[in-house]
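I opened this notebook page to keep a record of what I looked up in a single model, beginning with the aromatic rings and ending with the chain as a whole.

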Amino acid sequence: MRLADERSALLKRIYVDAGWRGRGLAGGLLDAVVGEAGKRGVTHLELTVFERNNRALAFYRRVGFAAIGSTTFMVGEDPQTDVVMQLDLAGRLNGGLA
């Protein structure tokens with residue numbers, strides 16, 4: 001996690017190995033990030049996720065992230081699109097995400 005500005009943080013990468021998915025690890029990792037963000041006074045957490053990563057998109061929506069835009073990046077000469085998502089941390093810092 002790095003601070004995007006004084007009030008927002010950017011979650012750069014979060015991965016769970018395929019063999020460990022479905023065990024609640026992503027939620028635990030995200031809870032840890034939210035806790036650290038709270039310690040730093042962050043009010044919004046942002047991330048990007050590949051537009052075709054339906055499992056990740058569903059997870060982020062389920063825990064309260066909302067799509068706020070998109071961004072394009074290049075893989076070689078092939079343009080790819082990420083969905084930009086944001087989580088409002090108000091009200092989540094004391095109770096977690098579950």
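How many aromatic pairs does the count come to? I was working on a predicted model, and the count came to two aromatic pairs. The pair I wrote down in detail joins Tyr 60 and Phe 65, with 5.3 Å centre to centre and 70° between the planes. Since planes over 60 degrees apart are classed as edge-to-face, I entered the pair of Tyr 60 and Phe 65 as edge-to-face.

I then looked up how these two residues are covered, and found that Tyr 60 and Phe 65 are both buried. I also noted that Phe 59 belongs with Tyr 60 and Phe 65 in one aromatic cluster.

Next I turned to charges over rings. I found the charged end of Arg 23 over the ring of Trp 20, at 4.5 Å from the ring's centre.

For the fold, I looked up the secondary structure and recorded two helices and five strands in the protein chain, which follow the pattern β-β-α-β-α-β-β when read along the sequence. I also checked how contacts spread along the sequence: among those between residues at least 6 apart, 57% join residues at least 24 apart.

Last, I took the values for burial and surface. The protein chain has 98 residues, of which 28% count as buried, while its accessible surface comes to about 6,400 Å², with 49% of that belonging to carbon and sulfur atoms.

Terms used:
Residues numbered from 1 in each chain as written. Predicted model: local features only at pLDDT ≥ 70, side-chain atom pairs only at ≥ 80, totals over all residues. Heavy atoms only, no water. Helix = DSSP H or I, 4+ residues; strand = E, 2+ residues; numbered from the N terminus. Buried < 20%, exposed > 50% of the residue type's maximum accessible area, 1.4 Å probe, protein only. Contact = heavy atoms within 4.5 Å. Areas by Shrake-Rupley, 256 points an atom, 1.4 Å probe, with all protein chains shown as cover. Phe/Tyr/Trp six-rings, centres within 6.5 Å; stacked < 30°, edge-to-face > 60°. Lys NZ or Arg CZ within 6 Å of the ring centre and 35° of its normal.
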